[in-house]
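Me: Let's go through this structure by question and answer. Keep it brisk.

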Amino acid sequence: MPTPPLIRKIRPVQLIAVIFFTVSGGPYGLEPLLNYAGEHGALLILLITPMLWDVPAIFTVLELNSMMPVEGGYYKWVKKVLGTRWGFYEGWWTWLYTFVDLAIYPGLFVLYASYFFPVLIEYRIPICLCVVWSSAALNILGIVPVGKTSLFLGAVVLAPFIILFFLFFYHHVHSISVPAVSLKGLPFTSFGMALYTVMWNCQGWDNVTTYAEEVENPIRSYLISIFAAFALAIVLYFLIILISQQSGISPADLRDKGFPAVGDLISGKWLGSLIAFAGMASTLGIYAAVLLSVSRVPKVMADDDLLPKKLNRLHPRFQTPYVSIIVCSLVVSLMILWSFADLLIIDITVYGAGLSLEYISLIKLRKRSPELHRPFKIPLRVNGLLIMVLLPFIAYFVALAAAFSSTQRAVWAAIFAIAVLSSAELIWQLILWKKPHHKTDRLY
């Protein structure tokens, strides 16, 4: 019997780059924050939201992944602890949310490319399709090419901002005047959209675990790489918003023209061009990294007989789930028709629901099997964990409530997201009808 091809594994330095692109990819997409939150609320929301939204998710991911560093990541954790039904919910919701998430980046690519050639806005759809399918081809080649590409694109993304920060602080001879932080007078709907903006710009920590079996020394590598990527993202976000405020750019111009306009103000057209080019590189890197994570989920669910078996087919040469990658790319090709703001609301709403199942799994596993070995353990008891997971729930429901009290378009986006969440039960009932053996499952 022939030996299966050896799967090449990604190294920690490449993993940092892939995680950075999965959860951040640079500050691109953060531009509307000043317009939503104002000069007094932007930095406050930017610093507090990651503490409420990201830190609990990071700790949860690290503890669960240290116990079960397996292909499929969060889907496998929830399935083990809560059973097949909730495991299916987790996989289904995250699969659908990632379609929405992926659809955002090709549009951002066109936005930054239009800095050089404004006429490209008129060809948004065909350019978006080129981004979608070129990334599909890269992912079919395997995780190592994606890792190397992410490492290269990471350098391309960070370099212009390092130059921007250096030039700003070098030439800024006067003291930096930071506006007093306050949310006073900020409309609730604007506050909610500011939350959505920051939450979206730093999410997906669980997504990076779906390919754990393709990572060298996964427990240690994830511990180092996740904290490194988080610190890099937060520092980058804080500095670019601070400098944008100091540059004197109007919030409306920043929203419409993006960070290249800040580069224009700080040092001229050449720096704006570098930042715009880096924006194109960022969207390509994010798309490739997120597609890498999501394509593993339907493959593993198909292995568990919860999705069609064809989805778990591996490429004969590259050993990648190429059918899953192609299916994901087909769906994203349709989703690119939505607007950025609508996709943002749908994205966070569906993602937050899936994340809640991971928090429940963490707490239930702590209560039921406290003696199990945990190479990484959150230094909190069960009551402390309950308080910890309450924080992202507060941020989630405040943002959702704001969407429902916003414009009619935003309301419809929120309703669509809830309909997407409801589809999981419908599909689950169809699965039970065709495959009744799933009615009985064994828990961890």
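Reply: One definition to start: buried means under 20% relative accessible area, exposed means over 50%, and partly exposed lies in between. Note that this is a predicted model.

Me: Is serine 267 buried, exposed or partly exposed?

Reply: Serine 267 sits in helix H10, residues 259-267. Its relative accessibility is 27%. Buried needs under 20% and exposed needs over 50%. Serine 267 therefore counts as partly exposed.

Me: What separates the C-alpha atoms of serine 267 and serine 333?

Reply: Serine 333 is one of the buried residues of H12. Along the chain, serine 267 and serine 333 are 66 residues apart. Their C-alpha atoms are separated by 38 Å.

Me: What should helix H12 span, at 1.5 Å a residue?

Reply: H12 covers residues 322-335, which is 14 residues. The expected span is 1.5 Å times one less than the number of residues. The end C-alpha atoms are 20 Å apart, and this agrees with the expected 20 Å.

Me: How many residues of H13 are buried?

Reply: H13 runs over residues 340-368. From first C-alpha to last it reaches 42 Å, close to the 42 Å expected. H13 is mostly covered, and of its 29 residues the buried ones number 23.

Me: And H1: how many of its 12 residues are buried?

Reply: H1 spans residues 12-23 and reaches 16 Å, close to the 16 Å expected. Its buried residues include Leu15, Val18, Ile19 and Phe20. H1 is mostly covered, with a buried count of nine.

Me: Which residue just after H1 takes a positive phi?

Reply: H1 ends at residue 23. Just after H1, a phi of about 80 degrees appears. The residue is glycine 25.

Me: Which element gives the largest share of the lining of the largest cavity?

Reply: The whole structure holds three cavities of 30 Å³ or more. The largest has a volume of about 70 Å³. Its lining includes Phe21, Thr22 and Val23, along with Asp101, Tyr105 and Trp200. H1 and H4 each supply at least two lining residues, but the largest share, three residues, comes from H1.

Me: Which element gives the most to the lining of the largest pocket?

Reply: The largest pocket has a volume of about 430 Å³. Of its 19 lining residues, the closest to the centre are Leu108, Leu111, Arg255, Phe340 and Ala341. Elements that give two or more residues are H4, helix H9 (251-257) and H13. The most, six residues, comes from H4.

Me: Which residue meets arginine 255 in a salt bridge?

Reply: Arginine 255 is partly exposed, with a relative accessible area of 37%. Its partner is partly exposed as well, at 46%. The N to O distance is 2.9 Å, and the partner is aspartate 256.

Me: How far apart along the chain are arginine 85 and glutamate 425?

Reply: These two form a salt bridge, with the closest N and O atoms 2.7 Å apart. Arginine 85 is partly exposed at 34% relative accessibility, and glutamate 425 is partly exposed at 24%. The pair links helix H4 to helix H15 (residues 408-434), and the separation is 340 residues.

Me: Which residue has a positive phi although it is not a glycine?

Reply: The residue lies in the loop between helix H11 (269-303) and H12. Its phi is about 65 degrees. It is aspartate 305.

Me: Which side chain does aspartate 305 meet in a salt bridge?

Reply: The N to O distance is 3.1 Å. The partner lies in the segment after H15, so the pair ties together parts that are 130 residues apart in sequence. At 24% relative accessibility, the partner counts as partly exposed. It is lysine 435.

Me: How many salt bridges does the structure hold?

Reply: Salt bridges that share partners join Glu63, Arg366 and Arg374 into one network. Other pairs include arginine 85 with glutamate 425. For the structure, the number is seven.

Me: Where is tyrosine 123 found?

Reply: Tyrosine 123 belongs to a nonpolar surface patch with Phe116, Phe117, Val119 and Phe277. Together they have about 510 Å² of accessible area. At 46% relative accessibility, tyrosine 123 counts as partly exposed. It is found in the loop between helix H4 (84-113) and helix H5 (124-141).

Technical notes: Residues numbered from 1 in each chain as written. Heavy atoms only, no water. Helix = DSSP H or I, 4+ residues; strand = E, 2+ residues; numbered from the N terminus. Buried < 20%, exposed > 50% of the residue type's maximum accessible area, 1.4 Å probe, protein only. Patch = residues over 30% accessible without salt bridge, like charges linked within 9 Å, V, L, I, M, F, W, Y side chains within 5 Å. Areas by Shrake-Rupley, 256 points an atom, 1.4 Å probe, with all protein chains shown as cover. Salt bridge = Lys/Arg side-chain N within 4 Å of Asp/Glu carboxyl O. 1 Å grid on protein atoms, 1.4 Å probe; cavity = no way out; pocket = protein on both sides within 12 Å on 5 of 7 lines; lining within 4 Å. Points joined across faces, edges and corners; volume = space filled by probe spheres on them.
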